[in-house]
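Hi,

Here is the structure I said I would pass on. Have a look at it first, and then read my notes below.

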Amino acid sequence: MTITESETPPHAFPAPDHRAIVRALSARFPHWSIWYGSATGHYWGLRRFDDGRIGFIEALSPQEFVRQATTGY
């Protein structure tokens, strides 16, 4: 028997600590300014590269942020 999302009690999983996640991402990617948008529910990042280009990331999850930051989007 599997449990569907609608059958899972809302208290079954604690809410993620977005501040801790942003701190961890910032430690891993120190050249990025990273934040979590509580209105959008997305992780955001901005940086200026040495050649003057601007990098911008919008990600639905921390994992997606890491993928974009490490693969160049």
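Thr71 is exposed in this predicted model: its relative accessible area comes to 53%, and the label applies because exposed means over 50%. You will find Thr71 in helix 2, which covers residues 62–71. Its side chain does have something to hold on to, though: the side chain of Thr71 reaches the backbone oxygen of Arg67 at 2.6 Å.

Now for the sheet. It is an open one, made of 3 strands in the order 1-2-3, with antiparallel pairing. Which strands stand at the edges? Those are strand 1 (33–37) and strand 3 (54–59). Each has a single partner strand, so one side of each is left without a neighbour in the sheet. On average, and ignoring direction, neighbouring strands of this sheet are turned by 15° against each other.

If you want to zoom in on one pairing, try strand 1 with strand 2 (residues 42–48): the two run antiparallel and pair over 5 bridges. A handy spot to start from is Tyr36, whose bridge partner in strand 2 is Tyr43.

Back to the helices, and how they sit relative to the sheet. Helix 1 (residues 18–28) lies across strand 1 and strand 2, and runs at about 160° to strand 1. Helix 2, the one with Thr71 in it, lies across strand 1, strand 2 and strand 3. The angle between helix 2 and strand 3 is about 155°.

That's what I have for now. Happy looking!

Note on methods: Residues are numbered from 1 along each chain as its sequence is written. This is a predicted model: local features need pLDDT of at least 70, side-chain atom pairs count only at pLDDT 80 or more; totals for chains, interfaces and linings use all residues. Side-chain values use heavy atoms; hydrogens and water are left out. Helices (H or I, at least four residues) and strands (E, at least two) are DSSP runs, numbered from the N terminus. Buried means under 20% relative accessible area, exposed over 50%, partly exposed in between (1.4 Å probe, protein chains only). A polar contact is a pair of N or O atoms within 3.5 Å; within protein, one must be able to donate a hydrogen and the other to accept it, and residues adjacent in sequence count only if both atoms are side-chain atoms. Two strands pair if DSSP finds at least two bridges between them. Axes are lines fitted to C-alpha atoms, for helices over the stretch in contact, and angles run from 0 to 180 degrees between N-to-C directions. Contact means heavy atoms within 4.5 Å.
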